[in-house]
Amino acid sequence: MELQEVLRTTAAVREFTDDPLPDEVLAEILEVARFAPSGGNRQGARIVVVRDRETRERLVEITGPGARRYAAQGAVREGPWNPVVPTTLTAEQIAATPVPPHLVEPIRTAAAVLVVCVDLSAVAATDQLLDRVGIVAGASVYPLAWNILLAARERGYGGTFTTMAIAQEPALKELLGIPDPYAVACVIPLGRPVKGVTRLKRRPVSELATLERFDGPPLGDADTEE
Ligand SMILES: Cc1cc2nc3c(=O)[nH]c(=O)nc-3n(C[C@H](O)[C@H](O)[C@H](O)COP(=O)(O)O)c2cc1C
């Protein structure tokens, strides 16, 4: 598959066939994904491949609270889990919200679930002294996570970045024996997609990039974009 097509069609896949994802294929996917960059090339990422049914059920439980809050906030049109605009909901309102199946079922139905971790003692976080939520540390692990999804797509597999379980990171780390100072970056259910390619909805380049300044003229021609 051409790189162009991979980049344009790597969607969030949450429904999987019963097809297996053998360790050999997973190793091939990781063999190319591993060329992702990390700050200072410290390569602090680690991946735990989960197939065990009982472990997955615990993962589903651990995912529940984060997913409840996501759904509860979405239902009242808040930006779920947004760190800048805090929620107006009470803990009781969140606890009373059902867990949306699409946020947990992929953990049960995927051929494998990859838990992507990063050694916090190996990341460079140049924004750590700023008075805002940290973003740079994640850049030492998310390129690898995205490479995994791209490489999987090229081989006819798919998956989704999921992050709800990280709200319960201590339980997640205990479940999988992840030591300090590792953090969990994402949980990726991976398998053979049920559905074919769908057209991805993304903002056009003219809304994404400007020239010279943030308020500069747009890059790209809105009239010619798909
Ligand atoms: C940082 C990040 C966190 C995400 N967390 C979740 C998640 O917890 N559960 C989930 O089902 N999808 C999650 N997603 C997937 C997004 O919902 C998905 O990428 C987005 O809606 C675009 O979907 P599409 O590629 O099918 O258009 C996450 C994506 C990113 C990049």
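**View 1. Val115, a buried residue of strand S2.** Val115 is buried, with a relative accessible area of 0%, and its place in this predicted model is in strand S2. Leaving out residues up to four places away in sequence, Val115 touches Arg46, Ile47, Val48, Val50, Leu176, Ile178, Val184, Cys186 and Val187. Val49 and Val115 are 66 residues apart in sequence, yet their C-alpha atoms are 6.4 Å apart in space.

**View 2. The largest nonpolar core, with 24 residues.** Within this core, the residues with the most contacts are Leu21, Ile29, Leu114, Val116, Ile148, Ile188 and Leu190. Two or more residues come from each of helix H2 (23–33), strand S2 (112–119), helix H6 (142–154) and strand S4 (182–191), and H6 gives the most, with six residues. In soluble globular proteins, nonpolar side chains tend to be buried together. Leu21 can serve as an example: when residues up to four places away in sequence are not counted, Leu21 touches Leu26, Ile29, Arg51, Ala111, Ala112, Tyr157 and Leu190. A second core, separate from this one, has 16 residues, and Val50, Val60, Tyr182 and Val184 are among them.

**View 3. The residues around the ligand.** Around the ligand stand Ala11, Ala12, Arg14, Leu103, Thr160, Phe161, Thr162, Thr163, Met164, Leu200 and Arg202, a shell that divides into six nonpolar, three polar and two charged residues. The side chain of Arg14 has an N or O atom 2.7 Å from an oxygen atom of the ligand. Two other residues approach a ligand oxygen through a backbone N or O atom, at 2.8 Å for Thr163 and at 3.4 Å for Met164. Taken alone, the ligand exposes 630 Å², and the protein buries 61% of that.

**View 4. Thr160, one of the residues around the ligand.** Thr160 lies in the loop between strand S3 (158–159) and helix H7 (169–176). Is Thr160 buried or exposed? Thr160 counts as buried because its relative accessible area is 7%, and the limit for buried is under 20%. A polar atom of the Thr160 side chain lies 2.6 Å from the backbone oxygen of Val13. With neighbours within four places in sequence left aside, Thr160 is in contact with Ala12, Val13, Arg14, Leu149, Val187, Ile188 and Pro189.

**View 5. Gln73 in helix H3 and Trp81 in the loop between H3 and helix H4.** Gln73 is found in helix H3 (residues 53–75) and is buried, with a relative accessible area of 0%. Its contacts, leaving aside neighbours within four places in sequence, are with Glu78, Gly79, Pro80, Trp81, Thr87 and Leu89. Trp81 lies in the loop between H3 and helix H4 (91–95) and is partly exposed, with a relative accessible area of 36%. The phi of Trp81 is near 60°, a positive value in a residue other than glycine.

**View 6. Backbone details at Pro181 and Glu212.** Asp180 and Pro181 are joined by a cis peptide bond, with omega about 0°, and Pro181 is found in the loop between H7 and S4. Glu212, in the segment after helix H8 (205–208), has a positive phi of about 70° although it is not a glycine. Glu212 is exposed, with a relative accessible area of 81%.

Definitions and conventions. Residues are numbered from 1 along each chain as its sequence is written. This is a predicted model: local features need pLDDT of at least 70, side-chain atom pairs count only at pLDDT 80 or more; totals for chains, interfaces and linings use all residues. Side-chain values use heavy atoms; hydrogens and water are left out. A nonpolar core is a set of buried Ala, Val, Leu, Ile, Met, Phe, Trp, Tyr and Cys residues joined through side-chain atoms within 4.5 Å. Buried means under 20% relative accessible area, exposed over 50%, partly exposed in between (1.4 Å probe, protein chains only). Helices (H or I, at least four residues) and strands (E, at least two) are DSSP runs, numbered from the N terminus. Contact means heavy atoms within 4.5 Å. A residue is near a molecule or strand if one of its heavy atoms lies within 4 Å of it. A polar contact is a pair of N or O atoms within 3.5 Å; within protein, one must be able to donate a hydrogen and the other to accept it, and residues adjacent in sequence count only if both atoms are side-chain atoms. Accessible areas come from the Shrake-Rupley method with a 1.4 Å probe; for residues, only the protein chains shown count as cover. Ala, Val, Leu, Ile, Met, Phe, Trp, Tyr, Cys and Pro count as nonpolar, Asp, Glu, Lys and Arg as charged, and the others, Gly among them, as polar.
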